[in-house]
Amino acid sequence: MEKVRPQWGHQRQFVLACISYAVGLGNVWRFPYLCQLYGGGSFLVPYLIMLFVEGMPLLYMELAVGQRMRQGSIGAWRTISPYLSGVGIASVVVSFFGTIYYNVINAWSFWYLFHSFQDPLPWSVCPLNGNHTGYEEECEKASSTQYFWYRKTLNISPSIQETGAVQWEPALCLILAWLMVYLCILRGTESTGKMEQLANPKTWVNAATQIFFSLGLGFGSLIAFASYNEPSSNCQKHAITVSLINSSTSIFASIVTFSIYGFKATFNYESCLNKVILLLTNSFDLEDGSVTASNLEQVKDYLASTDPSRYSEVFPLIKNCSLESELDTAVQGTGLAFIVYTEAIKNMEVSQLWSVLYFFMLLVLGMGSMLGNTAAILTPLTDSKVITSHLPKEAISGLLCLVSCVVGLVFTMEAGNYWFDIFNDYAATLSLLLIVLVETIALCYVYGLRRFENELQAMTGRALNWYWKAMWACVSPLLIIGLLFFYLSDYILTGTLQYQAWDATQGQLVTKDYPAYALAVIGLLVASSTMCIPLVALGTFIMHRCKRGDTAPVA
């Protein structure tokens, strides 16, 4: 007899699992960055439009496929057509790449969480140099938060070519993060403002991609989760609920982030003014309190006209303090999570408490997404009778975590952050767009939209309305094709791909070209998943032709 498929204990458990997977670090550090970059509140216009024409329909489609086929991504698309097994395999490959590097963020969160119990916070002040005569030069040129991130946490090398050694403290944190993931998955489903920006095509493209990747489409995680649902479950309601909660969380996170941006910008602006005032007071022997923020510009003009020679000597040291430039500084990713936020936290009252709460939140968000990524890999593996006949689920889960952890140690090396950026930027973007495009075309035009509509109605008792059919059959595929065209043309026009390297002598990031072998790795990351689709289809076609040849009647 076929093994009975496990099911969610309650529908709320399934919905919360999907929300935990969809609401991740991108809601905290990607969405606010895009809002700031593309006009603030006006970015919500293309974002909400893309939510209803792309995100919600494709989320519903993946949940419906998983619930109907009751298999992981590989089995589900093989059921739709034997030639489409490669779609599921491509999803597994992309999810594997995601699990390898994504858990490194959780390791960094552990690292910062452990250091949050110190008083003062270790990133709040620069350390003394070896002679105890001043502060570390690199820290003085950068900032205490940047120094703690780039030197104490990453111990980053000057370029990707200088690999360096594994940093044992981040490596231990990575092992701890993978141990937590393993314990969580061990029992499976039983436990687990500028309106002109609207005319900018990049605004709409980035709104579409934010919706796309925030919901986790194409990874196979949603199909895996839905495969454990009761066939009669209202997956349409679930799709709408998860989409709206995910977007609401992004908007709420932006409100919090912009308040932190404002706090940080004001603090940096006032600190800059105080440094300039102190410099002028000491250089020209002015009376304390005679120079203030309100009369600073007038004093500078007066000193330049009355003592031009001395002023010309001091002028290169005078910083240009601008509150607008501070507010316009857009940061995303690890720079936002581990530099900007920590810089704001260190200046708050009871900073240790806020630091613990913040990094605990990052861990919860990161672990939720990690469990979704691992489910996308484990569900197709545990669905395979060949694999489960030799290994129990606990062993399969353990091997996945062990292999991912060992490979992930690459990201704890001195050049590890550069490789992290490569995986983060190139391991999924084009691959997921192609995967979801093939999914929509396969469901609507290979399996048949009318056939799937009838099966969905028989399964849930609810008819598929015109909105979902129009999105699946026409609007969403055309939108994805447009996104693919944009990314491919952008890569071509960009020329040589570049990355940001940390220059310790300047205390800032500098732009460098990727070496040839890094470009080769980028190509392999993209090809290893996307090529699964045509190669598996070709292999299936050849096998079928061979079988027909073997069974052909002898003349």
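**Exercise 1.** Determine the handedness of the disulfide between C272 and C321 in this predicted model.

*Solution.* Begin with the bond itself: the sulfur atoms of C272 and C321 lie 1.9 Å apart, which satisfies the cut-off of within 2.5 Å. Next, take the torsion about the S-S bond, which is about -80°, so the disulfide is left-handed. Then place the two partners. C272 belongs to helix α12 (residues 235-283), while C321 sits in the loop between α14 (308-314) and α15 (323-328). The pair, 49 residues apart, thus links distant parts of the chain.

**Exercise 2.** Classify C272 and C321 as buried or exposed.

*Solution.* The threshold for buried is under 20% relative accessible area. C272 has 13% relative accessibility and therefore counts as buried. C321, at 19%, also counts as buried.

**Exercise 3.** Describe the disulfide that joins C126 to C139.

*Solution.* The S to S distance is 1.9 Å. A value of -80° about the S-S bond makes the link of C126 and C139 left-handed. C126 lies in the loop between α6 (85-115) and α7 (137-141), and C139 in helix α7, 13 residues apart. Both cysteines, C126 and C139, are buried.

**Exercise 4.** State how many disulfides there are and explain why C173 forms no bond with the closest cysteine.

*Solution.* The count is two disulfides, and their pattern is 1-2, 3-4 when bonded cysteines are counted along the chain. For C173, the closest cysteine sulfur is that of C405; at 11 Å it is too far for a bond. C173 counts as buried because its relative accessibility is 6%. C235 is likewise in no disulfide, the nearest cysteine sulfur being that of C18, 11 Å away. With 2% relative accessibility, C235 counts as buried.

Conventions
Residues numbered from 1 in each chain as written. Predicted model: local features only at pLDDT ≥ 70, side-chain atom pairs only at ≥ 80, totals over all residues. Heavy atoms only, no water. Helix = DSSP H or I, 4+ residues; strand = E, 2+ residues; numbered from the N terminus. Buried < 20%, exposed > 50% of the residue type's maximum accessible area, 1.4 Å probe, protein only.
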